[in-house]
Every structure is written in C-alpha cells, then in structure tokens.
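Here's a quick look at how some side chains pair up in this protein, starting with rings and then moving to charges. Have the structure open as you read.

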Amino acid sequence: MMKDITFLTVFLESCGAVNNDTSRKLLSSWTSTLRIEGPETTSSSPLYIPLLSSGDLKIKLNFKINNEPVTAEPELLTRFKDIICSSTRFWEEQLFYKVQDVATEESCIVLSLKCTLWTDAQISTFIDKPRELHSHVKGYPEIYYISELSITVNFLSKAGSSIEMAQIIPHLNEYFSSLIVSQLEFEYPMVFSMTARLRLKWQQGSLGPISYALTNSSALLPIMLNMIAEDKTSTTVYQILCQKRSPPIQNFQIFSVPAIKHDK
C-alpha cells in the first residue's frame, strides 16, 4: 500500500533584507506531501519509521520563482542546492540520519537520508518475532514506512525585483520548523522528532532486558517501542512549555547561506 498525505498550503511574507525594504517584498507558498508505504489494512496502532531496506528517506524540494520552475537558470538551482547542503548538520546531528546524497533532478533538489537508528534486523527483533511468538497479545503496532517528503515552494517577488538568497533562508527555516513542530513531530515522531529518536537511541539496549525481566519473554518489546513513539513529552511544543526542566530544545536554524569559496 502506498498513500500520500498532503498538508494545507502555507504562505509566508517578508520585506527586503536591508531596512525592511517593502519594494523588495518576498512572498512564498509551500505545499507538502508525505508518502507512506505499508500494509493494506488500516491499523489502530500504527508505528511510522523511515524507509529502510528498499531505499532512503527522500526530502524533495521543488523550487519555483514567480510560478516558473528554476530549470531555466542552472546557476540559481546550484545556489539552492548549496543551501540544502547546509542542512546536513541538522539531519545528522539532531535527527540521527546519514546524508547519503544531495542530487538535482530537473527543478528539484533531492536529499537522501539513511536512518542510523533503525535496521531491518531491529524491526525483526522488536516487532516481527514478538508478534509471531505472542500472537495472542493485543495492541502490537503495525509498521508503516515514510519514504518521501515532497515540498513545492514558489517564491513570488514584485515585477522586476530580484530575489536575494538572504531573504530565502528565513522562509526555508520558518517553514521547515513550523512543519516539523506543528505536524510531523506529533504524527511521525520516530521519523522527525529529535527527542523521540534520541530516547530510542538511549533506550534500545534496555528494552530487551526489561521485557524479559517482567515477562520472561519478548512480549513487551513492541509495546515499549510504541510507548516511546506515543509519548507527547518528546514534542518541541512540550519541551518549550517545560523549559524550567532544561530540555534539549531543537535548533531550527536548519539552513544557512553557504560560505563563499575562493580559488587558491
């Protein structure tokens, strides 16, 4: 089964980078679609994880300027690619992915992410084998894979005015951070929540001993995994509301202006 979920279109607006110049106002529209792969049957307890054996999690950004694809301007597409490359630290250090590739496909920049927390062997150990051995246990989660997040962004400027890269960066950061905080962390924490994935990383080695200590079997493994995924205290919203506990709040300065390279 393959299913696409499209989020509501979002519009952002900003003035010029210098002195809030309204003559250089920039508008942007953003539409995102998430692709999910999994069993045909609908589970009451789904567990969403990144795509594993058959490929990487793809983040696709399709860029348009004033309703036109940027394919006609290769230099501009290269600059967009450099900006996307600047997000490597966010994906690798905060969300525990390995950036496999940043590629250009027509007017799209495609970021390929390999999960460093989940493997097929772990899915077999934590989900598949306990389900086979304890088929009488209810409430086990069903695995669904997030294979792609596709984002189409259209930057709109006044006629005759150019678009500055310094204006684009805040739009990218604002949209990505709001999408993660308001949607992706709540629905797909094992894919997009820093805290949920960090807890999984910390607790993976303890789940087996806990299950065997309590039941002398692997019966609790899927249930404990689902508890980590469904714990809403891992969301950024909760973490911000409880700052007195000094939580590891995520840094959402995801993109930046690439450094200028000087030839030697």
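This is a predicted model, and Tyr175 is a good place to start: with a relative accessible area of 2%, the residue is buried. Next door, Phe176 also counts as buried, at 2% relative accessibility.

**Rings**

Tyr175 and Phe176 belong to a cluster joined by ring pairs, whose other members are Trp30, Phe63, Phe80, Phe155 and Phe255. The model has 10 aromatic pairs in total. Take Trp30 and Phe155: their ring centres are 6.0 Å apart and the planes meet at 85°, so this one is edge-to-face. That pair bridges a long stretch of chain, with Trp30 sitting in strand β3 (residues 26–37) and Phe155 in strand β9 (residues 142–157), 125 residues apart. How accessible is Trp30? Its relative accessible area is 0%, so Trp30 is buried. Phe155 is buried too, again with a value of 0%. Back at Tyr175 and Phe176, the ring centres are 6.5 Å apart with planes at 90°, so that pair is edge-to-face as well.

There's also a charge over a ring: the charged end of Arg197 sits over Tyr97, 4.2 Å from the ring centre.

**A buried polar residue**

Asn62 is part of strand β5 (residues 57–65). Buried or exposed? Asn62 comes out at 16% relative accessible area, which means buried, the cut-off being under 20%. Setting aside neighbours within four places in sequence, Asn62 is in contact with Ser107, Cys108, Ile151, Thr152 and Val153.

**Salt bridges**

The count of salt bridges is 7. Among them are these three:

| Pair | N to O distance |
|---|---|
| Glu13 and Lys25 | 3.0 Å |
| Glu93 and Arg89 | 3.0 Å |
| Asp231 and Arg199 | 3.0 Å |

Where do the partners sit? Glu13 is in strand β2 (residues 10–14) and Lys25 is in the loop between β2 and β3, so their bridge ties together parts 12 residues apart in sequence. Glu13 is exposed at 52% relative accessibility, while Lys25 is partly exposed at 29%.

Glu93 and Arg89 share helix α2 (residues 88–94); being 4 residues apart there, they are separated by about one helical turn. Glu93 counts as exposed at 51%, and so does Arg89 at 61%.

The bridge between Asp231 and Arg199 links distant parts of the chain, 32 residues apart: Asp231 is in the loop between α7 (221–230) and α8 (236–241), and Arg199 is in helix α6 (residues 194–215). Asp231 is partly exposed, at 30% relative accessibility.

Definitions and conventions:
Residues are numbered from 1 along each chain as its sequence is written. This is a predicted model: local features need pLDDT of at least 70, side-chain atom pairs count only at pLDDT 80 or more; totals for chains, interfaces and linings use all residues. Side-chain values use heavy atoms; hydrogens and water are left out. Rings of Phe, Tyr and Trp (its six-membered ring) pair if their centres lie within 6.5 Å; planes under 30 degrees apart count as stacked, over 60 as edge-to-face and the rest as tilted. Helices (H or I, at least four residues) and strands (E, at least two) are DSSP runs, numbered from the N terminus. Buried means under 20% relative accessible area, exposed over 50%, partly exposed in between (1.4 Å probe, protein chains only). A charge sits over a ring if NZ of Lys or CZ of Arg is within 6 Å of the ring centre and within 35 degrees of the ring normal. Contact means heavy atoms within 4.5 Å. A salt bridge is a side-chain nitrogen of Lys or Arg within 4 Å of a carboxyl oxygen of Asp or Glu.
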